[in-house]
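Work through these exercises with the structure open. Try each task before you read its solution.

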2 protein chains.
Amino acid sequence: MSHYYAVIFSTVREIEKQEGYQEMSEKMLRLAQAQPGFIEIESVRGPDGRGMSVSYWRTLEDIRSWKQQNEHLMAQQMGKSRWYRSYKVRICKVEREYEFSAEL
Amino acid sequence: MSHYYAVIFSTVREIEKQEGYQEMSEKMLRLAQAQPGFIEIESVRGPDGRGMSVSYWRTLEDIRSWKQQNEHLMAQQMGKSRWYRSYKVRICKVEREYEFSAEL
């Protein structure tokens, strides 16, 4: 396996201020998928407002470009002022992976 | 920041076979927290059986020790034979992090 990178985005949302969140979230997903170096994204949201979204990218440069993308910058700003109580971002190098799938 | 490591555990559970899962999950959480090198864990589970759990560790050796811990080995075996339809594990080096918290 050649190395690739993960962005772990752990969020706590403002439960009562979600206007516009869903549309923006879907728009950012489409934009990210069209960015150079995008591999995939996995998102899970719990019932209590906590969520985790991990996106995978070919290179650190791809991650930087996505972070600086114009519409994404605007979304980040709105996320801070409206939708998120807090979040943490970790940029990681994936060093090893393995998987399991139950036989049908 | 000194480097540390993340284990991204993405799961798809068998919705209809969850007997014993909750107890085992809580037991493994307590065991992991008592392991050398454990930093923290974040888990989110969606309503559709998909889940994501990211644990953070000081070193790769700490992660190896946890993977080989006796009761954890047994839990992994039961996870494959009973509870999980599929899962993927990624071992990552956290290279950078930043966070945001809304002012009250």
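**Exercise 1. A network of charges**

This is a predicted model. Task: find which residues are linked in a network of salt bridges with A:Glu40.

Solution. Start at A:Glu40. Its network also holds A:Glu42, A:Glu97, A:Glu99, B:Lys88 and B:Arg90. Side chains of opposite charge can pair when their charged atoms come close. Now widen the view. Over all chains, the count comes to 18 salt bridges.

**Exercise 2. A bridge between chains**

Task: decide what the salt bridge of A:Glu40 and B:Arg90 joins, and whether each partner is buried or exposed or in between.

Solution. Step one: check the distance. The side chains of A:Glu40 and B:Arg90 meet at 3.0 Å, N to O. The cut-off for a salt bridge is 4 Å. Step two: place the partners. A:Glu40 sits in strand E2 (residues 38-45) of chain A and B:Arg90 in strand E4 (residues 84-101) of chain B, so this pair joins two chains. Step three: check the surface. A:Glu40 has a relative accessible area of 31%, so it is partly exposed. B:Arg90 has 0% relative accessibility, so it counts as buried. Buried means under 20%.

**Exercise 3. Swap the chain letters**

Task: find what the salt bridge of A:Arg90 and B:Glu40 joins.

Solution. The side chains of A:Arg90 and B:Glu40 form a salt bridge at 3.0 Å, N to O. A:Arg90 belongs to strand E4 (residues 84-101) of chain A, and B:Glu40 to strand E2 (residues 38-45) of chain B, so this pair also joins two chains. Next, the surface. A:Arg90 is buried, at 1% relative accessibility. B:Glu40 is partly exposed, at 30%.

**Exercise 4. A bridge within chain B**

Task: work out how many residues apart in sequence are the parts tied together by B:Lys27 and B:Glu71.

Solution. First, the pair itself. The side chains of B:Lys27 and B:Glu71 meet in a salt bridge of 3.3 Å, N to O. B:Lys27 is in helix H1 (residues 21-33) and B:Glu71 in helix H3 (residues 70-83), both of chain B, so the bridge ties together parts that are 44 residues apart. Both ends are partly exposed: B:Lys27 has a relative accessible area of 33%, and B:Glu71 has 32%.

**Exercise 5. Two packed helices**

Task: describe how H1(B) and H3(B) pack.

Solution. Two packed helices are described by the angle between their axes and the distance between the axes. Here the angle is about 150° and the axes are 11 Å apart. An angle over 145 degrees counts as roughly antiparallel. H1(B) and H3(B) are therefore roughly antiparallel to each other. The crossing of H1(B) past H3(B) is left-handed. On the H1(B) side, the contact residues are B:Tyr21, B:Met24, B:Lys27, B:Met28 and B:Leu31. H3(B) supplies B:Glu71, B:His72, B:Ala75, B:Met78 and B:Trp83. By class, this contact of H1(B) with H3(B) has seven nonpolar, one polar and two charged residues.

**Exercise 6. A residue in a loop**

Task: find where A:Glu16 lies, and whether A:Glu16 is buried or exposed.

Solution. A:Glu16 is in the loop between strand E1 (4-13) and helix H1 (21-34) of chain A. Its relative accessible area is 79%, so A:Glu16 is exposed. Finally, look along the chain. A:Ala34 is 18 residues from A:Glu16, and 31 Å separates their C-alpha atoms.

Key
Residues numbered from 1 in each chain as written. Chains lettered and ligands numbered in written order. Predicted model: local features only at pLDDT ≥ 70, side-chain atom pairs only at ≥ 80, totals over all residues. Heavy atoms only, no water. Helix = DSSP H or I, 4+ residues; strand = E, 2+ residues; numbered from the N terminus. Buried < 20%, exposed > 50% of the residue type's maximum accessible area, 1.4 Å probe, protein only. Axes fitted to C-alpha atoms, helices over the stretch in contact; angles between N-to-C directions. Parallel < 35°, antiparallel > 145°, perpendicular 65-115°, else oblique. Left-handed = near helix turned anticlockwise from the far one by under 90°. Contact = heavy atoms within 4.5 Å. Nonpolar A, V, L, I, M, F, W, Y, C, P; charged D, E, K, R; others polar.
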